Amino acid sequence: MQHTYSVGSNPVYYDQQTLHVLFAGESQTLPLHQAGPKIYDYYLLHYIESGSGVFRTEEHTYELGAGDCFLIHPGQLVSYVSDQQQPWRYRWAAFTGGDAGQLAQQAGFAPLAPVLSTAGGSVIPGALAGMMSAFYANKESAALTSLGYLYLIAGEAAELLVSSSRLPGAESQIKRTVKQMIHYMSSQYAHPVSIEQMCGSLGYNRAYLSRIFKQETGLSPVTYLLKLRVEKSRQLLRERPELSVEQVAASVGLTDALYFSRQFKRFYRQSPTAYRHATVNPGEQ
């Protein structure tokens with residue numbers, strides 16, 4: 001078996017960016033090829049394409065094979081050695097920056113849990129190969145392209161690692177789904193979105209989502225969204241006196257100003273105009 005090794009370096013020099021891919025490479029190792037024990041001052045992710053080997057940290061020893069990843073954290077004493085019979089072929093990428101640790105954490109990697117096992121169809125080997133190709137092209141845009149690939153990798157890792165560490169059971173699933181609904185409405189309230197659209201984007205039946213949402217919050221999704229919009233409108237009425245009531249209504253996703261005024265009065269027992277007058281001129285009766 002022949003040893004092969006190639007690496008592409010980011011043409012943009014690392015200068016304290018919040019997140020930066022330093023280099024990406026690939027290698028077919030020889031039997032018992034070993035790296036370390038050593039410490040790195042950056043994050044180094046490996047993806048095993050074929051063969052097997054052993055990865056050792058200060059706390060654990062992992063026997064790994066095709067489809068497995070391991071992430072080396074900065075400051076950790078590690079070593080890794082390829083198998084004698086089936087030496088591994090792997091791809092790797094190094095990244096650093098002030099946000100690198102947070103990205104690794106969001107992806108589900110930790111110093112005590114640095115290993116990920118992927119299934120067929122993983123985006124990771126293609127993303128690592130894409131980084132390398134971008135660096136070989138030697139264009140400054142490769143710095144951004146490589147970050148895109150890094151986020152793809154982190155997204156897949158998070159789906160596999162974070163989901164597997166969640167609490168099992170229907171109750172935690174319901175709470176997660178309701179949180180997703182609240183997040184969706186909080187980010188989309190300014191647009192004329194419907195509950196139907198939200199249910200479709202989350203992949204659930206509307207009746208089911210309405211039931212579990214009311215069970216957790218005490219409100220139906222329709223009422224929650226309306227209350228959220230009216231609450232946001234109060235802030236605009238106070239802070240943006242130059243906006244008309246129609247403009248405020250449109251800014252919170254309600255295109256019918258009369259409907260908006262009725263709903264505002266339903267929740268706060270006064271019209272939007274009266275509310276604005278009272279808050280902008282609090283001394284007047």
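In what order do the 6 strands of the open sheet run? In this predicted model, the order is S1-S2-S9-S4-S7-S10, and the pairing is antiparallel. Strands S1 and S10 form the edges, as each of them pairs on one side only. From one strand to the next, the twist averages 15°.

Let's step inside the sheet for a moment. Strands S4 and S7 pair in the antiparallel sense over 4 bridges, and Leu44 stands opposite Ile72 in S7.

Now for the helix. H2 lies across S1, S2, S4, S7, S9 and S10, and it runs at about 110° to S2. Here are the strands that H2 lies across, with their residue ranges, for easy lookup in your viewer:

| Strand | Residues |
|---|---|
| S1 | 4-9 |
| S2 | 20-28 |
| S4 | 43-50 |
| S7 | 68-72 |
| S9 | 89-96 |
| S10 | 115-117 |

Between edge strand S10 and helix H2 (124-137) there is a loop, and Thr118 is found in it. Is Thr118 buried or exposed? Thr118 has a relative accessibility of 15%, and because buried means under 20%, Thr118 counts as buried.

What does Thr118 touch? Leaving aside residues up to four places away in sequence, Thr118 is in contact with Tyr47, Gly67, Cys69, Ile124, Glu156 and Leu160. With Gly67 there is also a polar contact to look at: the Thr118 side chain reaches the backbone oxygen of Gly67 at 2.7 Å.

Conventions:
Residues numbered from 1 in each chain as written. Predicted model: local features only at pLDDT ≥ 70, side-chain atom pairs only at ≥ 80, totals over all residues. Heavy atoms only, no water. Helix = DSSP H or I, 4+ residues; strand = E, 2+ residues; numbered from the N terminus. Buried < 20%, exposed > 50% of the residue type's maximum accessible area, 1.4 Å probe, protein only. Polar contact = N/O pair within 3.5 Å; in protein donor to acceptor, adjacent residues only side chain to side chain. Contact = heavy atoms within 4.5 Å. Pairing = 2+ DSSP bridges. Axes fitted to C-alpha atoms, helices over the stretch in contact; angles between N-to-C directions.
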